Each structure stands twice: as C-alpha cells, then as structure tokens.
Amino acid sequence: MKAAIYNKFNGIIEIKQVDDPVVTDEDAIIEVKASGICRSDWHGWKGHDPDIRLPHVPGHEFSGVVKEVGSKVTSFQPGDRITAPFCCGCSTCPQCLKGNQHICDNHFQPGFTDWGSFAQYVRIKNADFNLIKLPSSIDFVSAAGLGCRFITAFHGMVNQGKIDPSMTVAVHGCGGVGLSAIMIAASYGAKVIAIDINELNLQTARSFGAAYTIDASREQVVDKLFEITGGGVDLSMDALGSHE
C-alpha cells in the first residue's frame with residue numbers, strides 16, 4: 001500500500017510503498033476513505049509521544065470501509081462503512097468496563113502506538129469493541145472528524161459537564177475541539193459564549209450556535225462574561241490548553 005511515512009522525528013514525510021497491514025483474529029483492516037490532520041499528529045512528528053516507534057505512519061482521524069476481518073470478529077464484515085475513536089480500548093481492563101476507553105490500561109491508538117490512517121489501509125485491534133458503523137447519512141469526510149475532536153468535546157460537555165438547556169456555557173478557544181463543543185452545547189439547548197482571538201473563528205462559532213462571542217485580543221474576558229451572564233457561567237471548557 002501507499003503511505004505517508006517518516007523515518008526520524010522532525011524529518012521529511014514521504015509517500016512510499018510499504019507492506020499492507022496483516023489481520024489477526026480480533027482485528028479488522030480498514031480501507032481508508034478520509035483522514036483528518038490533527039495537532040496531535042504534529043506532536044507525534046515532533047517526537048513528543050513516547051509510544052511512537054520509527055519509522056512511523058501517522059493519522060488517527062479517519063473513516064473508511066472494512067476490507068477484511070479476523071476469525072473472531074462477529075459484529076463487522078467487509079463492506080461496512082465505519083469510523084473509530086482516537087483512543088481505542090482493550091475491552092477487558094477496569095477502565096474499558098466502566099466506559100472510560102480513553103484511559104484504557106492497555107490502550108491502542110492508530111497513528112501513535114501503531115501505524116495510522118495516512119495510508120491506503122489501517123489495522124484496528126479489538127474491532128468488535130472499537131469500530132463504529134456509520135449511517136448512510138454521514139459522509140466519509142464528516143465522519144473523519146468524529147473520533148477525535150468531536151468525541152473529545154462530547155465527553156467533556158455531556159459525560160463530564162452534564163450539559164442541559166438551563167446552562168450558560170463558556171468555550172475558550174474556537175478550533176476543532178471548541179467548535180465541536182459549541183455545536184454540541186447548542187444542540188442541547190444551552191446558551192453558549194464563544195471566546196477566541198480570531199474574528200474568523202468567532203464568526204464560525206456564531207454560525208455553529210454560539211449566542212455570544214468575546215474577542216479576547218481586545219476585550220476583558222472575565223468582565224465581559226459577568227456582563228453577559230450577570231454572575232458567571234454554569235460550565236466552562238478550555239479547548240485551547242494555553243495559559244495565555
């Protein structure tokens with residue numbers, strides 16, 4: 001298969017012919033139809049992730065079609081349209097059994113622990129547990145963003161934040177995760193305040209359901225939040241990860 005591969009951190013990324021992935025009993029081989037580019041891919045290329053072993057094929061935001069399944073896979077078959085979460089689980093550890101696959105004790109991450117989706121094919125371990133079937137209404141490009149930025153925002157807003165229509169929510173940073181959080185919070189009926197330093201991002205936030213926007217490059221964020229809410233927000237999400 002063809003794949004985007006690098007042999008050293010900070011090195012050249014080349015398109016090369018490499019061996020196809022080989023399926024084992026509980027795995028599935030996916031023909032990649034779309035793959036996103038995430039900042040985590042950049043961190044991996046820089047050498048910030050200890051799980052990566054060189055040479056390496058990055059990529060973890062993907063969608064595709066099942067090409068082949070192992071002998072013990074029962075829920076999927078060739079031809080199924082699928083995606084998968086960024087953090088795949090082992091299915092048996094205490095974290096997976098509690099529904100916390102993102103902190104699986106024996107985690108698997110395409111594009112990090114193993115070769116990823118910047119290739120024609122990618123192997124997904126524990127396919128019955130990790131693959132997700134796509135309805136026909138979701139195209140491959142849209143689906144490629146679900147397993148990383150969108151599922152991250154959903155877990156924060158819904159599972160952790162317990163979002164409901166009575167809430168006012170502040171989202172700090174309107175990139176991939178932040179815009180996903182805005183869409184999710186707005187769909188739950190919450191009042192969303194989007195905060196960023198880029199006017200284009202704020203315009204996009206408004207189109208995705210933000211009721212208010214704050215330009216942190218020229219407005220005092222805390223003062224503006226108190227002005228809008230009369231006392232503060234019910235839920236706040238940091239979707240940036242920068243003190244500044």
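Guide: Let's start with a term: a polar contact is a pair of N or O atoms within 3.5 Å, where one can donate a hydrogen and the other can accept it, and residues adjacent in sequence count only if both atoms are side-chain atoms. Please keep in mind that the model above is predicted.

Visitor: What makes the link between Asp 114 and Thr 113 a polar contact?
Guide: The contact joins the side chains of Asp 114 and Thr 113, at 2.9 Å. The limit is 3.5 Å, and adjacent residues qualify only through side-chain atoms, so this pair meets the definition.

Visitor: How do you know whether Asp 114 is buried or exposed?
Guide: Its relative accessibility is 18%. Buried means under 20%, so Asp 114 counts as buried. Asp 114 lies in the loop between helix 2 (94–97) and strand 6. Leaving aside neighbours within four places in sequence, Asp 114 is in contact with residues including His 56, Phe 108 and Arg 123.

Visitor: And how is His 60 classed, buried or exposed?
Guide: Its relative accessibility is 1%, and the cut-off for buried is under 20%, so His 60 is buried. You will find His 60 in the loop between helix 1 (39–46) and strand 4 (62–69). A polar contact of 3.1 Å joins its side chain to that of Asp 41. Apart from neighbours within four places in sequence, the contacts of His 60 include Cys 38, Phe 86, Pro 110 and Cys 148.

Visitor: Why is Thr 204 called partly exposed?
Guide: Thr 204 has a relative accessible area of 24%. Partly exposed is the band between under 20% (buried) and over 50% (exposed), so 24% belongs there. Thr 204 sits in helix 7 (residues 199–207). Its C-alpha atom is 36 Å from that of Asp 128, a residue 76 places away along the chain.

Visitor: Let's turn to the sheets. What is the strand order in the antiparallel sheet?
Guide: The order is 6-3-4-5-7, in an open sheet of five strands.

Visitor: Why are strand 6 and strand 7 said to stand at the edges?
Guide: Strand 6 (121–124) and strand 7 (132–133) each have a single partner strand, so one side of each has no neighbour in the sheet.

Visitor: How do you know that strand 5 and strand 7 pair?
Guide: Strand 5 (residues 81–83) and strand 7 share two bridges, in the antiparallel sense. Pairing needs at least two bridges, so these strands pair. Across from Thr 83 you can spot Ile 132 in strand 7.

Visitor: What is the strand order in the parallel sheet?
Guide: Four strands make up this open sheet, in the order 10-9-8-11. Strand 10 (212–215) and strand 11 are its edge strands, each pairing on one side only. From one strand to the next, the twist averages 15°.

Visitor: What makes strand 8 and strand 11 a pair?
Guide: They run parallel and are joined by four bridges. At least two are needed, so they qualify. In one of these bridges, Ala 170 has Ser 236 of strand 11 as its partner. Helix 5 packs on this sheet, touching strand 8 and strand 11, and its direction makes about 155° with that of strand 11. Helix 6 packs on the sheet too, touching strand 8, strand 9 (191–196) and strand 11.

Visitor: Where does the chain go between strand 9 and strand 10?
Guide: Strand 9 and strand 10 run parallel and share four bridges. Ile 195 stands opposite Ile 214 in strand 10. The chain crosses from strand 9 through helix 7 to strand 10, in a right-handed β-α-β crossover.

Visitor: How do you know that the length of helix 6 agrees with that of a straight helix?
Guide: At 1.5 Å a residue, its 12 residues should span 16 Å, and the end C-alpha atoms are 17 Å apart, which agrees. Among the buried residues of helix 6 are Gly 178, Leu 179 and Ile 182. Their cover includes helix 5, strand 8 and helix 7.

Visitor: What is the end-to-end distance in helix 5?
Guide: Helix 5 (residues 146–160) has 15 residues, yet its end C-alpha atoms are only 18 Å apart, short of the 21 Å a straight helix would reach. Its buried residues include Cys 148 and Met 157. Just after helix 5, Lys 162 takes a positive phi of about 50°.

Methods:
Residues are numbered from 1 along each chain as its sequence is written. This is a predicted model: local features need pLDDT of at least 70, side-chain atom pairs count only at pLDDT 80 or more; totals for chains, interfaces and linings use all residues. Side-chain values use heavy atoms; hydrogens and water are left out. The expected span of a helix is 1.5 Å times one less than its number of residues. Buried means under 20% relative accessible area, exposed over 50%, partly exposed in between (1.4 Å probe, protein chains only). Axes are lines fitted to C-alpha atoms, for helices over the stretch in contact, and angles run from 0 to 180 degrees between N-to-C directions. Contact means heavy atoms within 4.5 Å. A crossover is right-handed if, with the strands pointing away from the viewer, the path from the first strand over the helix to the second runs clockwise.
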